[in-house]
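Here are a few exercises to work through with the model open beside you. Try each one before reading its solution.

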Amino acid sequence: MIGVATVNVGTPALLAATDDGQRVYSGIAKRPVPPGTVLWLSLVNLSGDGQADLSVHGGPDKAVYAYPSEHLPAWEADLGEALGDAPFGENVSTVGALEADVNIGDRWRWDGAVLEVCQPRWPCFKLALHRQRADIQARMRSNGRTGWYLRVVEPGEVTVGSTLEVVETDPRGLSVRDAHEAMGDRHIERRDLVAALADHPALASEWRVPLQERLARRDA
């Protein structure tokens, strides 16, 4: 079982106004949902959650963002500040699982829904705006405390406060941490790892295709 510390949702709102007059909207500022609340988990979202730019956020391969609560004390020490609610825009703050423990392709049951781990997170500039830290993206990529996205295999009702059951562990044994390291391996120093992730059917295409292209260029 994987515990759930909080469930968080949020709809798009103004995140920042730039000096050149652009207005940036995002659903990254999420708030906890009270325990006992029943939510519908669709193929793309928890009810009450949403994204502003669907070309790069949300969708089936980013339906739910999970982040280990165990990372938060280290972040607070690194940044020298209290993080507050859902500091990285996570939908689910987990207890008892880190990136090295969770495999791409693992399936979790959450009450009436079934989810599948499909990719780590490499944040865009909106996290920097949300945290008001220009270095937050580089820090997350460097330290590997990325969390992971899940796709929804079976939609259903979920109750805030219930636990997550691992119903299937992917036999390839390629973790979220492995996927993160493979994507960071620009010079393909660990070819076997990059090739294994590039061939993993459960890895989101946003990650799988760049790895395949990288291998193809090296072999050309």
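For the classes below, Ala, Val, Leu, Ile, Met, Phe, Trp, Tyr, Cys and Pro count as nonpolar, Asp, Glu, Lys and Arg as charged, and the others, Gly among them, as polar. The model is predicted, so local features need pLDDT of at least 70 and side-chain atom pairs pLDDT 80 or more, while totals for chains, interfaces and linings use all residues. Residues are numbered from 1 along each chain as its sequence is written, and side-chain values use heavy atoms, with hydrogens and water left out.

**Exercise 1.** Sort the lining of the largest pocket by class.

*Solution.* Start with the classes: 13 residues are nonpolar, nine polar and eight charged.

**Exercise 2.** Is strand E6 mostly covered or uncovered?

*Solution.* First, take E6 as residues 64–68; five of its five residues are buried (under 20% relative accessible area, 1.4 Å probe, protein chains only), so E6 is mostly covered. Next, check each face: Val64, Ala66 and Pro68 sit on one side, with Tyr65 and Tyr67 on the other, all buried.

**Exercise 3.** Find the strands that pair with E6 (pairing takes at least two DSSP bridges).

*Solution.* Step one: strand E10 (residues 148–154) pairs with E6 in the antiparallel sense over three bridges, and tyrosine 65 stands opposite tyrosine 149 there. Step two: strand E7 (residues 92–95) runs parallel to E6, joined by three bridges, with alanine 66 opposite valine 92.

Definitions and conventions: Buried means under 20% relative accessible area, exposed over 50%, partly exposed in between (1.4 Å probe, protein chains only). Helices (H or I, at least four residues) and strands (E, at least two) are DSSP runs, numbered from the N terminus.
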